[in-house]
Amino acid sequence: MKSNAVIENILQRRSVRAFEARPIPHEDLEAIVTCGQWAPSAMNRQEWTFVVVEDAEKVQRLAAAMGTALGNDAYAMYRPAAAVIVAHKKGAQFGREDDGCAMQNMFLAAESLGIGSVWINQLQGICDEAAVRAELTALGVPEDAEVHGVCALGYAAAAGTAHERTSQVVWA
């Protein structure tokens with residue numbers, strides 16, 4: 001297979017589920033979220049709201065509210081050093097797809113900077129639980145928005161696992 005730096009970055013990226021406590025430099029977070037902003041969007045609408053949370057304690061307050069809503073008091077989102085919440089107006093056409101593109105760009109940007117990442121998707125369906133919405137609002141997520149994903153970020157405390165690719169490829 002042909003390769004280059006971009007292809008290698010894609011093939012090396014893993015979901016990280018154990019993070020070190022050290023913070024991520026602000027300039028690295030700026031680069032990561034900018035890459036999210038440059039993702040493709042349906043009809044170039046660019047309707048995302050990116051909320052960057054650099055404070056690990058604030059991330060954990062959101063995780064605690066999520067855990068209560070999910071019935072899992074131990075829920076901690078893997079304790080990332082930072083998170084980027086990607087939100088779209090409720091019911092936006094192609095919002096989920098656009099958010100997925102932005103998330104992937106951010107994951108790959110993080111990998112290129114030596115920062116681990118994992119997709120947190122548990123906010124889907126619980127954004128309007130009172131305690132969860134209060135935390136989202138306090139962080140700056142618009143009241144009329146839903147969250148399809150959180151890009152949890154940090155330096156890997158343990159390497160992610162490479163899994164065998166099982167999807168089918170059909171050449172026509």
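The largest nonpolar core of this predicted model contains 27 residues, and the members that touch the most other members are Ile85, Leu123, Leu136 and Val147. In soluble globular proteins, nonpolar side chains tend to be buried together. Two or more residues of this core come from each of the elements β1 (49-53), α3 (56-70), β2 (82-89), β3 (116-120), α5 (130-139) and β4 (145-154). Among these, α3 makes the greatest contribution, with 5 residues.

Leucine 136 shows how such a core is joined. Setting aside residues up to four places away in sequence, leucine 136 touches Leu62, Ile85, Leu123, Cys127, Val141 and Val147. A second core, separate from this one, has 21 residues, including Ile32, Trp48, Phe50 and Ala102.

The helix α3 deserves a closer look. Its length can be checked with simple arithmetic: at 1.5 Å a residue, its 15 residues should span 21 Å, and the C-alpha atoms at its ends are 20 Å apart, which agrees. An α-helix has 3.6 residues a turn, so residues three or four places apart point the same way. The buried residues of α3 are Val59, Leu62, Ala63, Ala65, Met66 and Gly67. These buried residues pack against β1, β2, β3 and α5.

Both ends of α3 can also be described. At the N-terminal end, aspartate 55 acts as a cap, with a side-chain oxygen 2.8 Å from the backbone nitrogen of glutamate 57. After the helix comes glycine 71, which has a positive phi, near 75 degrees.

The cysteines raise a further point. A disulfide is a covalent bond between the sulfur atoms of two cysteines. How many disulfides does the structure hold? The number is 0. For cysteine 127, the reason lies in distance: the closest cysteine sulfur, in cysteine 151, is 16 Å from its own sulfur, too far for a bond. Cysteine 127 counts as buried because its relative accessibility is 5%. Cysteine 151 is likewise in no disulfide, and the cysteine sulfur nearest to it, that of cysteine 35, is 11 Å away. With 0% relative accessibility, cysteine 151 counts as buried.

Finally, attention turns to asparagine 9, which is found in helix α1 (residues 5-12). Is asparagine 9 buried or exposed? Its relative accessibility is 15%, below the 20% cut-off, and therefore asparagine 9 counts as buried. When neighbours within four places in sequence are left aside, asparagine 9 is in contact with Leu108, Glu111 and Ser112.

Notes. Residues numbered from 1 in each chain as written. Predicted model: local features only at pLDDT ≥ 70, side-chain atom pairs only at ≥ 80, totals over all residues. Heavy atoms only, no water. Core = buried A, V, L, I, M, F, W, Y, C linked by side-chain atoms within 4.5 Å. Buried < 20%, exposed > 50% of the residue type's maximum accessible area, 1.4 Å probe, protein only. Helix = DSSP H or I, 4+ residues; strand = E, 2+ residues; numbered from the N terminus. Contact = heavy atoms within 4.5 Å. Expected span 1.5 Å × (residues − 1). Polar contact = N/O pair within 3.5 Å; in protein donor to acceptor, adjacent residues only side chain to side chain. Disulfide = S-S within 2.5 Å.
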